[in-house]
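Please look over the sequence and the structure shown here before reading the notes on strand pairing that come after them.

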Amino acid sequence: MKKLMIIGASGHGKVAADIAAKMGYKQIVFLDDNTEIKECLNYPVAGTIKDAKDYMGYDFFIAIGDGEVRKTIQEEIIRKGCKIVSLIHPEAVIGSCVEIGAGSMVSAGAVINCKTIVGSGCIVNTSSSIDHDCTIGDYSHVSVGAHLAGGVSVGCGSWIGAGAIVNNQVFICESCIVGAGAVVIHNIEIPGTYIGIPARRK
Ligand SMILES: CC(C)(COP(=O)(O)OP(=O)(O)OC[C@H]1O[C@@H](n2cnc3c(N)ncnc32)[C@H](O)[C@@H]1OP(=O)(O)O)[C@@H](O)C(=O)NCCC(=O)NCCS
């Protein structure tokens, strides 16, 4: 029986559980350090993160929106010897020769076109699109409805906001935030927050 332990019983955790159920996970359980949360999408919260070692027979997924926290916990869980899996909604469209790293989520309606590489611990959120030959660094987040044209590179830990658009071949370095609705037409070489059309440093 496919069993999944999700760390983080939040809104993001809910979406993770929903995808996991659609992928055929029969038993889904959460861990969360907030002991007041008892359930998430009607699945039980069984304990806190320190209890992960008691669930070695489970697949693990880290459902925490903050990229740095997600990275820290995913690395800690890997060190404990747990198996991290990716969650890909059955109604996401994944092209040929796409690579998706461990612990990444691809939500409903997302499209990842051919030859794109998505790193570990990434979020490719609802109805976003990443076209051909893109590279998405570890622990990045492409938010709902964001669109990346072909050949875009996003550095590790960057967050592309809801509905943002990134022109083809544009490079965005690590640790950037691209605000909701921004249009990125030039390379971004310096970590920071970029907003507007065209996107400029905030
Ligand atoms: C860019 C962002 C991170 C800035 O957040 P913040 O630092 O808290 O900024 P504030 O809300 O204090 O706004 C500061 C200024 O920037 C402007 N601003 C903020 N976000 C903006 C955006 N996306 N586009 C244009 N202007 C924006 C505000 O209007 C404000 O302008 P003012 O000083 O003239 O009044 C945030 O607004 C954003 O876009 N986050 C992305 C959210 C998202 O996509 N979530 C999806 C989850 S799937």
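The report below describes strands, their partners and one crossover.

This is a predicted model, in which local features need pLDDT of at least 70 and side-chain atom pairs count only at pLDDT 80 or more, while totals for chains, interfaces and linings use all residues. Residues are numbered from 1 along each chain as its sequence is written, and side-chain values use heavy atoms, with hydrogens and water left out.

Helices (H or I, at least four residues) and strands (E, at least two) are DSSP runs numbered from the N terminus, and two strands pair if DSSP finds at least two bridges between them. An open sheet of 8 strands, with mixed pairing, follows the order β7-β10-β13-β16-β19-β22-β24-β25. Its edges are β7 (87-88) and β25 (200-201), each of which has a single partner strand, so one side of each is left without a neighbour in the sheet. Within the pairing of β7 with β10, I88 has V106 as its bridge partner.

Strand β5 (residues 59-62) is joined to β1 and also to β6, as the table shows.

| Strand pair | Bridges | Direction |
|---|---|---|
| β7 and β10 (residues 105-106) | 2 bridges | parallel |
| β1 (residues 3-7) and β5 | 4 bridges | parallel |
| β5 and β6 (residues 83-84) | 2 bridges | parallel |

D59 of β5 stands opposite L4, and D59 also stands opposite K83 in β6. From β5, D59 and F61 point one way, whereas F60 and I62 point the other way, and all are buried (under 20% relative accessible area, with exposed over 50% and partly exposed in between, for a 1.4 Å probe and protein chains only). In a regular strand the side chains alternate between the two faces of the sheet.

Finally, β5, helix α2 (residues 67-79) and β6 make a right-handed β-α-β unit, right-handed meaning that, with the strands pointing away from the viewer, the path from the first strand over the helix to the second runs clockwise.
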